[in-house]
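Reader: I am in my first year and would like to study one chain of this model slowly, from its overall form to its metal sites and its unusual backbone places. Please take me through that single part with care.

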Amino acid sequence: MLGRLTIDALPFYSWVAMGGALVTVLIVLLTALVVTWAGKWRYLWEEWLTSVDHKRIGVMYIMLALVMLVRGFIDAIMMRAQQAIALNNEGYLPPEHFEQIFTSHGTIMVFFMAMPFLTGLINIVVPQQLGARDVAFPFMNSVSLWLTAAGAGLVGISLVLGKFSTAGWTGYPPYSGIGFSPGVGVDYWIWALLVSGVGSTMTGINFITTILRCRAPGMKLMQMPLFVWTTLCTSILMAFAFPALTVVAALLGLDRTVGMHFFTNELGGNMMNFANLIWIWGHPEVYILILPAFGVFSEVTAVFSRKRLFGYRSLVYATMAIGLLSFTVWLHHFFTMGSSPNVNAIFGIATMIIAVPTGVKIFDWLFTMVRGRIAFHPAMLFTIGFIITFVIGGITGVLLAIPPVDYQMHNTTFLVAHFHNMLIPGALFGYFAGTQFWFPKVFGFRLNEFWGKMVFSCWLIGFYLAFMPLYALGLLGMTRRLEQYTHPDWQPFLLVAFAGACVVLVGVFSVFMQFYVSIKNRNEHRDLTGDPWNGRTLEWATSSPAAPYNFAVIPEVNSVDAFWEMKKKGEAYDFPDQYEPIIMPANTAAGVLIGLCGFLVGFAFVWYLWWLAILAMVSAMAVVIVRSCNDHGEEIITPEAIMAIESKRKAQLISVEGLSARGAPA
Amino acid sequence: MSHNRLQQVMAEHLEECLDNREFGFWLYLMTDAIIFALLFATYVSMFRNTANGPEPINLFDLKHVSLETACLLISSVTFGFAWLAAMNKKLPTVMLWLIITLVFGVSFVSLEIAEFAEMIREGAGPQASGYLSSFFTLVATHGIHVSIGMLGILMMVLQVFMKGLTPQVCSRLFRLGLFWHFLDIVWIGIFSVVYLPVFI
Ligand code: HEM
Ligand SMILES: [Cu+2]
């Protein structure tokens, strides 16, 4: 009945693990208690969990991302603390626990921090930038969200019941096979990826369709804001790369659970296939993470330099070139597995070629700033910090792309420094910049800039302190994933790295402090216009927060920077006398239910609870069938209701002084 | 705001929705095609990894496979007839052809299950070697798809019966048809890559 789930699943093996489990359980209970105490369950369910509004789904994605950022960061600072003290001793973490931590850190940061963060930003912004009322498939959007959350839930519950994988975030066999890792850890990892991966594939399909088919009338492809372009490219990569992850995770699961021999050491298994399959997904994945950030930087640079984006077309072509090339370089993740020199050389060169379109982008951003009137808003600071830091990471990447060099550096902390040097400035800074930039659009007030600058400075300084020493350590020969070491000359570097992580800790704290302070003082920072930064693209044409339907009247577009043109012509704030009814998707519980089933399926397969697996799969199927036979998933917003909302907006605009210069009603 | 205007807005909205769904469905098929492509690649790369176990030459029965293939190909044709009948708004004919399609689908899956059972009985199950793991995974993934497609056909029979040929139902039928024909194409791939090389 209970499969492998016994009392031994509880983490009695170490105090640190026990503490982690207790904290997790406490946080869940506390959250439930607070919601109950505030009497908000109904509100939460009706307005948020069952919502299919792209803006709310986006907010929920980002909240998930922030929670997982904290979790991933706790893992990170624990590793830094361990390595800071573990010279010739065990440190405070037993080896197996340390291995769980680097695995969960990598897995969480990539799948459950970065992916939800970027998906959340895309959700909030892209439909508004397109002049659309929602995404193409609002219900599927909700399913994607809840499948992602289900995956995160599987990683979360692994803290309490059983252990997480110790096989690293890429789970290479044979170590991740049932022979070397008989426990539930790798299965948790597999199912977290499978469940959330399906969500990401659907997100990809959803946004490709949204962007290609739901643009405002007149908007040509070459007039789409750059964030939309990078989203399109990211969505294409999601739709085409994530199936590879599904396949590789499923095959590993078949090896482990059913006893097949895809990647085993015996009976004709082939481990090289695993490396190939996972990196066919994995390399595009890093561009999935980075491209939306590039989009944010493009928008932010243009707005805060008060200039049109330099080289719009070259940015578009560079984005598409990167997307295409990203499928041609996966082998650089295993140069050392002994392909022939010619194969390695070809993939090395292909890798270096990616630096070219990336360089084009860097120059475009720099030229946008040249002679601009730059405002040093936190979003802009992140952009500048990104440009400088990312170039360093790019250079070390080109170094690693030279196969002989990679033979020296692979599996050292040099590599760890390199990919953090790409991902922290290249992805996370972009998401932070996006948060600073679009927060008022979502909530109707601006974020506190002092704390924004704190977030920026702590993350930037902390990043340099934490990762520059790792370059040096890598050159000194320190391998990655080390639980203890015997070289006294490594320790000073590791202490500096630990100090860096502490500075980042202040940065993480500042993220939440900024929210807290801004919410407390929200009345002083209201954004009444919907356009707090004098923006250029259509999302700034809506009110802040935008009405459920975004645009009461869909705008006509005939240039890049559509909203900027509208303001120049004095057409930005026109109100018609009459509105048409608008049809919007109605909320539905089906998304949450499917997510729940996804979680249960994963949990059941991890613990061999076959009855539960069947039950959950049948339930998921039933929900899908019922939902797909439904012809009435929509509700009508009447012209009167629209008139009421829009009149309020008009009154609000009139109350703002000086806006009439931009064409607002006086 | 007149009632007529509302009707018009709703009709436009519906049309747009259904168009988007068709477009999105093509994209979905592409993602599924990638899954199959990778399974094919895995199969080909493991063709020689029989680990001294059963060899492909001794495993398959040409008659059996031909029968399977015939069932699936014919079912695609009968689905086509169902779609034609739907275009002509002939409701009972649609249901008839759908049920015929279902019968062929069930035959296909039963034949496949029989083949698998026979192989497993002979000791050539998916655990016997890397080659057989990849064989079973590739072919069964297709089989599971077909089974889901059959569930879809069953749902469509019910919907056609209960709702008639509304635009929504027709759109669903069209998308299910794409799925069904897609599986046919995948099967032709399986037939040419998995079975044919063994027989010639
Ligand atoms: C400032 C915050 C961060 C710190 C201090 C940090 C620290 C670390 C450390 C100490 C390791 C283990 C290195 C080793 O193997 O020796 C690691 C691994 C890793 N980190 Fe981070 N990290 C941070 C942020 C991130 C972010 C934002 C991402 C991704 C978006 C990320 C992704 C990874 C991955 C994928 C691994 C590899 C895990 C593995 O070896 O399987 N990290 N990080
Ligand atoms: Cu790569």
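Author: A residue is called buried when its relative accessible area is under 20%, exposed when that value is over 50%, and partly exposed in between, using a 1.4 Å probe and the protein chains only. This is a predicted model, in which local features need pLDDT of at least 70 and side-chain atom pairs count only at pLDDT 80 or more, while totals for chains, interfaces and linings use all residues. Residues are numbered from 1 along each chain as its sequence is written, chains are lettered from A and ligands numbered from 1 in the order in which they are written, and side-chain values use heavy atoms, with hydrogens and water left out.

Let us begin with the whole of chain A. It holds 19 helices and two strands (DSSP runs numbered from the N terminus, helices being H or I with at least four residues and strands E with at least two). Its C-alpha trace spans about 75 × 60 × 45 Å along the principal axes, and its radius of gyration of 25 Å agrees with the value near 26 Å that a compact globule of 666 residues would have (taken over C-alpha atoms, the rule being 2.2 Å times the number of residues to the power 0.38). Of these 666 residues, 59% count as buried, and among the contacts with a separation of 6 or more, 83% join residues 24 or more positions apart (contact means heavy atoms within 4.5 Å).

Two metal sites show how separate stretches of chain A are brought together. The iron atom of ligand 1 has A:His105 and A:His420 as its protein donors, each through NE2, at 1.9 to 2.0 Å (donors are N, O and S atoms within 2.8 Å of the metal, or 3.2 Å for Na, K and Ca, and water is not among the atoms, so sites may look incomplete). These two histidines link distant parts of the chain, since A:His105 sits in helix 4 (residues 95-130) and A:His420 in helix 13 (residues 413-443), 315 residues apart. Both A:His105 and A:His420 are buried. The six donor atoms of the iron make angles of 89 to 179°, and the site is octahedral (six donors, opposite ones over 155 degrees apart and all others between 65 and 115).

The copper ion, ligand 2, is held at 1.7 to 2.0 Å by ND1 of A:His283 and by NE2 of both A:His332 and A:His333, and these donors follow the spacing H-x48-H-H. A:His283 belongs to helix 8 (residues 271-304) and A:His332 to the loop between helix 9 (312-325) and helix 10 (341-369), so the pair ties together parts that are 49 residues apart in sequence. A:His283 and A:His332 are buried as well.

Finally, consider the backbone. Most residues other than glycine have a negative phi, and most peptide bonds are trans. The bond from A:Pro173 to A:Pro174 is cis, with omega near 5°, and A:Pro174 lies in the loop between helix 5 (138-157) and helix 6 (185-213). The bond from A:Ser544 to A:Pro545 is also cis, with omega near -10°, and A:Pro545 is in the loop between helix 15 (491-520) and helix 16 (562-569). A:Arg371, although not a glycine, has a positive phi of about 60°; A:Arg371 lies in the loop between helix 10 and helix 11 (378-400) and is exposed, with a relative accessible area of 83%.

Conventions: Four donors count as tetrahedral if all angles lie between 85 and 135 degrees; four count as square planar and six as octahedral if opposite donors are over 155 degrees apart and all others between 65 and 115; anything else is irregular.
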